[in-house]
Amino acid sequence: MRKLLASESLTIGAGTATSVTAPVAQTLQIMQGRVWVTVTGHGDDYWLSAGQFLSVAADSHIVIEAIKGNSVVQVQQQSTRMPSSSARAGFSKPLGANPAVC
């Protein structure tokens, strides 16, 4: 498992899972494809497509799997710290904008 960088792009092959940790609060924006995301300690899993995003708290353990085709996930550090027990998903906004609570 590796740590996500403050600003990076992850390319995940179809049917491949990536296990990462978020050392700071981050937003994962789906740029291409469809992914399944689970955050340790959360009861919900997330199915996200291009144009959607998920915000995760610092110190989160995250597993991301690409569904059907290759997927690209853009990672962006958030400017505010989220509570460790929260994750928020929504539709695309410019990176750095506050996500809508769903």
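**Notebook: salt bridge, strands and core**

I began with the charged pairs and found that the structure, which is a predicted model, holds 1 salt bridge. I looked up its two ends: Glu8 pairs with Arg2, and the closest N and O atoms of this salt bridge are 2.9 Å apart. I then checked how far each partner is covered, and noted that Glu8 is buried at a relative accessible area of 12%, whereas Arg2, at 36% relative accessibility, counts as partly exposed. Glu8 counts as buried because its 12% falls under the 20% cut-off.

**Entry on Glu8 and strand S2**

I placed Glu8 in strand S2, which runs over residues 7–12. Leaving out residues up to four places away in sequence, I listed the contacts of Glu8 as Arg2, Lys3, Val73, Gln74 and Val75. One of these, Val75, is also the bridge partner of Glu8 in S7, and I noted that S2 and S7 pair in the antiparallel sense over 6 bridges.

Which residues of S2 form its covered face, and which the uncovered one? I found Glu8, Leu10 and Ile12 on the covered face, with Ser7, Ser9 and Thr11 on the uncovered one. I set this beside the general rule that in a regular strand the side chains alternate between the two faces of the sheet.

From the uncovered face I took Ser9, which also lies in strand S2 and is partly exposed, with a relative accessible area of 42%. I counted Ser9 as partly exposed because 42% lies between the 20% and 50% limits. Beyond four places in sequence, Ser9 touches Val72, Val73 and Gln74. I also looked up the separation of Ser9 and Val73, which are 64 residues apart in sequence but 5.7 Å apart in space, C-alpha to C-alpha.

**Entry on the chain as a whole**

I stepped back to the protein chain, which has 0 helices and 8 strands, so that along the sequence the pattern reads β-β-β-β-β-β-β-β. Of its 102 residues, 43% count as buried. The accessible surface comes to about 5200 Å², and 53% of this belongs to carbon and sulfur atoms. I also looked at the range of the contacts: among those between residues at least 6 apart in sequence, 69% join residues at least 24 apart.

**Entry on the core and strand S6**

I turned to the largest nonpolar core, which has 19 residues, and noted that Leu4, Val37, Ile62, Ile64 and Val73 touch the most other members. The elements that give two or more residues to this core are S2, strand S3 (17–22), strand S4 (26–39), strand S5 (45–49), S6 and S7. For Val37 I listed the contacts beyond four places in sequence, and these are Asp45, Tyr46, Leu48, Leu54, Ile62, Val63 and Ile64.

Why is S6 described as largely enclosed by the rest of the structure? I found that 5 of the 5 residues of S6 are buried, and therefore the strand is largely enclosed. On one side of S6 the buried residues are Gln52, Leu54 and Val56, and on the other they are Phe53 and Ser55, so that both faces are covered. I noted as well that S4 and S6 pair in the antiparallel sense over 4 bridges, and that the bridge partner of Leu28 in S6 is Leu54.

**Entry on backbone angles**

I looked for a positive phi outside glycine and wrote down Asp59, at about 70°, and Lys68, at about 65°. Asp59 sits in the loop between strand S6 (52–56) and strand S7 (60–77), whereas Lys68 lies in strand S7. I checked exposure for both: Asp59 is exposed, with a relative accessible area of 61%, and Lys68 is exposed too, with 81%.

**Entry on confidence**

Finally, I looked up how far the prediction can be read. The protein chain averages a pLDDT of 82, and 76% of the residues score at least 70. Where is confidence lowest, and where highest? I found the lowest value in strand S8 (residues 87–91), at a mean of 56, and the highest in S4, at 95. Over residues 92–102 pLDDT stays under 50, and for this stretch the model has 23 contacts beyond four places in sequence. I have not followed up those contacts one by one, because where pLDDT is low the predicted coordinates should not be read in detail.

Notes: Residues are numbered from 1 along each chain as its sequence is written. This is a predicted model: local features need pLDDT of at least 70, side-chain atom pairs count only at pLDDT 80 or more; totals for chains, interfaces and linings use all residues. Side-chain values use heavy atoms; hydrogens and water are left out. Contact means heavy atoms within 4.5 Å. Buried means under 20% relative accessible area, exposed over 50%, partly exposed in between (1.4 Å probe, protein chains only). Two strands pair if DSSP finds at least two bridges between them. A nonpolar core is a set of buried Ala, Val, Leu, Ile, Met, Phe, Trp, Tyr and Cys residues joined through side-chain atoms within 4.5 Å. Accessible areas come from the Shrake-Rupley method with a 1.4 Å probe; for residues, only the protein chains shown count as cover. pLDDT is the predictor's confidence in each residue, from 0 to 100. A salt bridge is a side-chain nitrogen of Lys or Arg within 4 Å of a carboxyl oxygen of Asp or Glu.
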